[in-house]
Amino acid sequence: MNNGVKAAIGGTLVLILAIGGEALYLRHERNKPLVIKAPEREVIADDDLVFLKKKRPDSLKDVKELKGATVWVSAGGQLDYYPYAGHAAQYGKSAGTLLGAEKLELKEAFEQVAPKSATFRIPGGDKQVLLVFTKPGDAKEYAVPVGYKQDGQYTFYTDEILFYDDPHELYKHWGPEIWKAVDSHQVILGMNERQVELSLGQVSKSTSTDYGNRMVVFANLGHPMAVTFVKNKVTAFRADQGF
């Protein structure tokens, strides 16, 4: 048998083996058990699973029903409160600013005409609606605006201002170290934006709208703090020096 014939026979055998091997592979693949990959699920942060109760008041009567309730401040560092005496808020001098997670015991709700100086956060309307409260260890009564009446129509911000359940329980997964920082109104490494906002209060400016990946300046009651977040964790913070 000459070399040309041998080469032809060899090539044919290789081709037959290749075709046979491919057929066996395809048969094996067709007979494999079907595996269906589960769809990827969006990871939901524990904070976003927390149910925040809403009251949605639309009348003075609704707000008066909060009398006797214990609430906690959600909008920390934003609302001034005033001494309450003679069934009226003493708007002349602020008694302080409500802080995040601060506990309040509600005593009453009432309406009062507000001076322009007291309408920076809550509009004055024809009258403001205020809640009377006391704080733990302080028997004095104070009043804070939570809404207003204009032309007989009420607008309330209680659902944005208050927690109706203890945030220490709602967000107990934060752990004692984070809660110690929040309750002392400090910032520590590893906190997320929600935690820092509850601790330091209102955001005054930020470098972007990319929540959790930006530098944010918190007003912090007149002592601005610049906080850097990466993947929604504090990586650095300092007194604000502008940016």
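Begin by selecting Phe 163, Tyr 171, Trp 174 and Trp 179, which in this predicted model are joined by ring pairs into a cluster. Aromatic pairs number 10 in the structure, and the next stop is one of them: select Tyr 81 together with Phe 133, whose rings meet edge-to-face, with 5.5 Å from centre to centre and 70 degrees between the planes. This pair links distant parts of the chain, since Tyr 81 belongs to strand 2 (residues 80-85) while Phe 133 belongs to strand 6 (residues 127-135), 52 residues apart. Both Tyr 81 and Phe 133 are buried.

Now move to Tyr 154 and Phe 156, where the ring centres lie 5.5 Å apart and the planes stand at 5 degrees, so this pair counts as stacked, the cut-off for stacking being under 30 degrees. Tyr 154 is partly exposed, at a relative accessible area of 23%, whereas Phe 156, at 12%, is buried.

For a ring with a charge over it, select Lys 55 and Tyr 164: Lys 55 lies over the face of Tyr 164, at 5.4 Å from the ring centre.

Finish with two helices, by selecting helix 5 (residues 176-183) and helix 6 (residues 193-200), which pack at an angle of about 35 degrees with their axes 8 Å apart. On the side of helix 5, the residues to show are Ile 178, Trp 179, Ala 181 and Val 182, and they make the contact with Gln 195, Leu 198 and Ser 199 of helix 6. Colouring these residues by type shows 5 nonpolar and 2 polar, with no charged residue in the contact of helix 5 with helix 6.

Key:
Residues are numbered from 1 along each chain as its sequence is written. This is a predicted model: local features need pLDDT of at least 70, side-chain atom pairs count only at pLDDT 80 or more; totals for chains, interfaces and linings use all residues. Side-chain values use heavy atoms; hydrogens and water are left out. Rings of Phe, Tyr and Trp (its six-membered ring) pair if their centres lie within 6.5 Å; planes under 30 degrees apart count as stacked, over 60 as edge-to-face and the rest as tilted. Helices (H or I, at least four residues) and strands (E, at least two) are DSSP runs, numbered from the N terminus. Buried means under 20% relative accessible area, exposed over 50%, partly exposed in between (1.4 Å probe, protein chains only). A charge sits over a ring if NZ of Lys or CZ of Arg is within 6 Å of the ring centre and within 35 degrees of the ring normal. Axes are lines fitted to C-alpha atoms, for helices over the stretch in contact, and angles run from 0 to 180 degrees between N-to-C directions. Contact means heavy atoms within 4.5 Å. Ala, Val, Leu, Ile, Met, Phe, Trp, Tyr, Cys and Pro count as nonpolar, Asp, Glu, Lys and Arg as charged, and the others, Gly among them, as polar.
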